[in-house]
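The exercises below are to be worked through with the sequence and the 3D structure at hand. Each one sets a task and then gives a solution in steps.

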Amino acid sequence: MKQIFISGASKGIGLATARRFHREGWKVIICARGREALDAAAAELPGLVTYVCDLSQKQSIRELVDQIRTEHGRLDVLLNNGGTFLPGQMHTEDDSVFETLMATNLFSAYYMAKWLLPDMIAHGSGTVVNMASIASITAYEHGGSYSVSKFGMYGFSKSLREEMKPKGIRVISILPGATYTASWVGADLPQERFIPAEDVAELVWTACTLSDRTVVEDIVVRPHLGDL
């Protein structure tokens, strides 16, 4: 049975992707900060494996990686999806905003990949998917440190791809625009103005299941009427 690990997958794009791979019979392993949301996901998806992890904490990631390697062995796909959004401007936001966003959105992906890749490399195959953002290529006035973290994620993904080419590992960057998830609930905009999370999940599925001879390097996906 093929295996995928998805960080930050108790809701939104992560959960939609978990559903997509689960439907195809994969073993799906996810993490999130809250046990209640993880339990709800597990109740919906029989066989789903869940772990609580604070992605802003290096030690928590280290402990989770050790559990994954011990209990499940080599992954076929690692999806670095976990992240958070805090609006602001760099010249006025508190230092803690920068530190939290960089740790959660960028450092977590770095450590996950660094510590889980050796098993893929030893096997000579595997796929790493990094959930970047339109904010990785477009600066917004109130993007602040969030945009910095997502620019960093995109650069990390591109650099990792070059390192992994001779190892047989594919590295894919997904750059979605405004996607309808819990963070947008209550916004004064119609749901039809957003990308459905299921559409992003479908793109992840397609990119991960192409021939090993092929890599979809970057996927940029926006709402049909443009960015919000």
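**Exercise 1. Name the residues that line the largest cavity, and describe the lining by element and by class.**

Solution. The lining of the largest cavity consists of S7, L55, N80, N81, G82, S108, A109, M112 and M153; a cavity is a set of points, on a 1 Å grid over the protein atoms alone, where a 1.4 Å probe fits but cannot get out, and lining residues have an atom within 4 Å of a point. This is a predicted model, in which local features need pLDDT of at least 70 and side-chain atom pairs count only at pLDDT 80 or more, while totals for chains, interfaces and linings use all residues. Residues are numbered from 1 along each chain as its sequence is written, and side-chain values use heavy atoms, with hydrogens and water left out.

Next, the elements: helix 4 (residues 95–123) supplies the largest share of this lining, 3 residues. Helices (H or I, at least four residues) and strands (E, at least two) are DSSP runs, numbered from the N terminus.

Then, the classes: 4 lining residues are nonpolar, 5 are polar and none is charged, where Ala, Val, Leu, Ile, Met, Phe, Trp, Tyr, Cys and Pro count as nonpolar, Asp, Glu, Lys and Arg as charged, and the others, Gly among them, as polar.

Finally, the volume is about 40 Å³, taken as the space filled by probe spheres set on the points, with grid points joined across faces, edges and corners.

**Exercise 2. Place strand 4 among its partner strands, and state which way its residues point.**

Solution. Begin with strand 4 (residues 77–80), from which V77 and L79 point one way and L78 and N80 the other, all of them buried, that is, under 20% relative accessible area with a 1.4 Å probe and protein chains only, as against exposed over 50% and partly exposed in between.

On one hand, strand 4 pairs in the parallel sense with strand 1 (residues 3–6) over 3 bridges, with L78 as the bridge partner of F5; two strands pair if DSSP finds at least two bridges between them.

On the other, 4 bridges join strand 4 to strand 5 (residues 126–131), again in parallel, and L79 stands opposite V129.

**Exercise 3. Describe the surroundings of H22 and its exposure.**

Solution. H22 lies in helix 1 (residues 12–23) and counts as partly exposed because its relative accessibility is 22%. Beyond its neighbours within four places in sequence, H22 is in contact (heavy atoms within 4.5 Å) with V28, L45 and P46.

Key. A crossover is right-handed if, with the strands pointing away from the viewer, the path from the first strand over the helix to the second runs clockwise. On a 1 Å grid over the protein atoms alone, a cavity is a set of points where a 1.4 Å probe fits but cannot get out, and a pocket is an open set with protein on both sides within 12 Å along at least five of seven lines; lining residues have an atom within 4 Å of a point.
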